[in-house]
Amino acid sequence: MDLREMRAFVAVVEEGGLSAAARRLHVSQPALSQTMNALERRLGLQLLERGSTGVRATEAGMTLLSEARAVLARHDQAMAAVARHAADGGGTVRIGIPLELPSDLLSGPLAGLTAAYPRTRVHARHMSTAGQFAALRAGEIDVGLVREHPIGQDLDAMLVVEERLGVLLAAEVAAKIAGRDGIRLEDLAGLDWVGFPRSGSPAWYDELTATLRSHGLDLGLPPPEGQELIAEVKLAAVTAGGAFALAPPGWGRPLPDSVTWSPLAGHPIVRRTWAVWPATSHRRDLARLLAGLEYRGLQ
């Protein structure tokens with residue numbers, strides 16, 4: 001039983017239901033339900049009694065709740081103690097990074113960190129927003145770069161980037177609908193949206209799809225779970241001419257002649273990226289990195 005499962009179980013019992021616990025943990029309810037079912041199967045015990053009004057712990061569940069709280073408290077205490085030793089450098093800063101992060105966002109802050117604390121190492125991992133929130137709360141990363149503001153008092157956040165998204169289209173399609181100020185969202189009606197699964201960043205997904213629907217776009221079936229919206233997926237989907245994908249200006253990948261990027265008229269879609277870290281962190285090397293992540297306005 002790992003720490004993430006312990007935190008998930010504690011959240012379910014404390015919230016009295018899977019929906020509330022899923023919101024607290026920033027994961028989908030089906031994924032959380034699968035975690036609880038798998039935990040019960042592995043232990044061979046019923047830990048939760050499920051009813052129409054929510055869930056409550058069984059006798060075995062109450063025993064696990066008490067032990068899990070103790071283990072998590074001891075883990076958090078140990079991490080805090082170790083962090084104090086690394087406060088002046090010599091540790092590792094673990095960073096969660098989303099897809100399509102502006103290429104120059106971290107270069108300056110990391111250079112400053114290395115100069116100030118040469119013994120601090122940097123370990124970067126690509127993770128979804130939801131995955132980063134879970135990893136931050138489990139003590140698995142030190143700072144995340146995420147696409148939605150965290151909920152709760154346990155994480156601090158700072159807005160670092162705002163990007164006006166444009167659209168990737170087959171060149172022949174773009175030529176037909178592009179206006180002087182770009183492409184209007186409503187003119188994309190009839191094309192499939194190349195999107196990402198909601199579980200990766202629920203709040204950003206809801207904001208984005210609400211904007212698309214408000215301009216008359218039928219989004220069709222939701223993207224499959226586990227699909228990563230990497231550059232190759234976007235390009236392959238739009239090349240045939242029946243789909244569109246959103247991308248920031250100055251997209252880092254070279255485009256084939258058959259695909260073009262265009263701004264959206266009126267800039268209706270703004271993607272924001274926050275730096276997020278544990279509210280209890282007192283690491284000086286982490287503070288130095290965050291200080292270098294100055295806010296960058298709309299691009």
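**A tour from helix α9 to S199**

Start by selecting helix α9, residues 231-239: A231, K234, L235 and V238 are buried there (under 20% relative accessible area, 1.4 Å probe, protein chains only; exposed is over 50%, partly exposed in between). Look down the axis of α9 and these buried residues fall within an arc of 95°, so they line one face of the helix (the arc takes directions from the helix axis to the C-beta atoms). You're in a predicted model, where local features need pLDDT of at least 70, side-chain atom pairs count only at 80 or more, and totals for chains, interfaces and linings use all residues. Numbering runs from 1 along each chain as its sequence is written, and side-chain values use heavy atoms, leaving out hydrogens and water.

Now add β7 (166-170), β9 (243-247) and β10 (259-262), which the buried residues of α9 pack against (contact is heavy atoms within 4.5 Å). Just past α9, click G241 for a positive phi of about 100°.

Next, pick α2 (residues 18-25) and α3 (residues 29-43): they pack at about 105°, with axes 9 Å apart. α2 and α3 are therefore roughly perpendicular (65 to 115 degrees). Show L18, S19, A21, A22 and L25 of α2 against Q29, L32, S33 and M36 of α3. By class, that contact has six nonpolar, three polar and no charged residues.

Last stop: S199, in the loop between β8 (192-193) and α8 (202-214). Which residues does S199 touch, not counting those up to four places away in sequence? Select S28, A130 and E225. S199 is partly exposed, at 24% relative accessibility. From S199 to A31 is 8.9 Å, C-alpha to C-alpha, though they sit 168 residues apart in sequence.

Definitions and conventions. Helices (H or I, at least four residues) and strands (E, at least two) are DSSP runs, numbered from the N terminus. Axes are lines fitted to C-alpha atoms, for helices over the stretch in contact, and angles run from 0 to 180 degrees between N-to-C directions. Angles under 35 degrees count as roughly parallel, over 145 as roughly antiparallel, 65 to 115 as roughly perpendicular and the rest as oblique. Ala, Val, Leu, Ile, Met, Phe, Trp, Tyr, Cys and Pro count as nonpolar, Asp, Glu, Lys and Arg as charged, and the others, Gly among them, as polar.
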